[in-house]
Amino acid sequence: MVSMAGLLLVSKRANSDSHARLVRTRPMGIPAELQWALMPPRTFSDRRVTISAFMEPAYQVAGDAFEYAMAGDVLHLAVFDGMGHDTAAGLTAALAMATCRSHRRAGASIPEASAAIENTLIEQFRYSSYATGVLADLELDTGTFSWVNRGHPLPVLIRGGRWASTLRCPPSGPMGSGFNLPIQQSTEQLQPGDRLLLFTDGITEARNTDGREFGLDRFTDFIIRHHADHLPLDETLRRLMHAVMDYHHGRLADDATVLFCEWHGPDPSKG
């Protein structure tokens with residue numbers, strides 16, 4: 001009965017204003033309406049992978065967006081950060097995400113989808129707006145993680161619940177900037193239990209009253225410490241966002257988004 005009630009609530013989310021009014025604590029800005037309408041649910045899990053994502057400020061978010069989708073044995077992941085903090089930034093991120101989906105579903109590779117976003121943004125904005133981002137694929141049966149970096153903070157890998165490392169990939173420049181840099185794809189072999197963090201700079205660059213950034217070390221240390229408490233991913237991210245907001249005294253200067261992915265390993269039923 002509980003599962004059925006959950007399915008009914010999820011099925012009504014997209015087309016019920018009554019549901020939207022009940023779950024909101026205050027009015028939502030236009031850019032946030034646009035972004036949340038396009039993005040997938042914040043949490044997904046099956047035998048091979050668990051995903052959770054969080055965005056702040058949830059009711060006024062502009063240029064940030066996250067994306068994930070399953071295609072057979074491949075999980076597609078992406079995080080985008082549109083230039084600016086207004087409706088135009090939201091439109092940039094939304095256009096990047098829609099272009100990514102369109103070309104990915106047509107069979108495009110990660111670099112090809114990235115290049116298509118570049119062309120779409122240039123055609124629409126004539127170099128006046130751009131988006132940074134990480135586009136990635138995770139092969140769920142093998143743990144092969146492939147990604148491209150378009151001028152964005154690099155992914156972080158947490159292994160064994162205690163070791164954090166930054167995954168390296170040559171940057172190709174923000175999409176829509178027209179830098180025409182080579183788009184290079186990198187790969188990493190994951191181990192069962194590995195956790196991946198894709199995030200925007202609003203997480204690490206949030207500053208306190210002394211001007212000190214929250215920083216990458218504080219970010220990864222927070223995740224590792226709460227991993228040791230065996231908390232669900234969505235609860236870990238909820239506490240992370242509270243920590244970032246408290247560090248910035250409750251008001252962020254930029255959108256802050258994190259997409260958390262844990263690979264459990266191949267499906268044991270296929271062994």
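Which residues of α5 are buried (under 20% relative accessible area, 1.4 Å probe, protein chains only)? They are Ile110, Pro111, Ala113, Ser114, Ala116, Ile117, Glu118, Leu121, Ile122 and Phe125.

This is a predicted model: local features need pLDDT of at least 70, side-chain atom pairs count only at pLDDT 80 or more, and totals for chains, interfaces and linings use all residues. Residues are numbered from 1 along each chain as its sequence is written, and side-chain values use heavy atoms, without hydrogens or water.

Helices (H or I, at least four residues) and strands (E, at least two) are DSSP runs, numbered from the N terminus. Helix α5 has 16 residues. From first C-alpha to last, α5 reaches 22 Å, close to the 22 Å expected at 1.5 Å a residue. That expected span is 1.5 Å times one less than the number of residues. Arg126 follows α5, with a positive phi near 55 degrees.

The cover over the buried residues of α5 includes these elements:

| Element | Residues |
|---|---|
| β4 | 74–82 |
| α4 | 87–105 |
| β5 | 131–139 |
| β6 | 144–150 |

The largest nonpolar core (buried Ala, Val, Leu, Ile, Met, Phe, Trp, Tyr and Cys joined through side-chain atoms within 4.5 Å) has 44 residues. Leu135 is among those that touch the most other members. Contact means heavy atoms within 4.5 Å. Not counting residues up to four places away in sequence, Leu135 touches residues including Ile110, Ala113, Ser114 and Ile117. A second, separate core of 23 residues includes Val156 and Leu197.

Ser52 lies in strand β2. Ser52 counts as buried because its relative accessibility is 1%.

Technical notes. Buried < 20%, exposed > 50% of the residue type's maximum accessible area, 1.4 Å probe, protein only.
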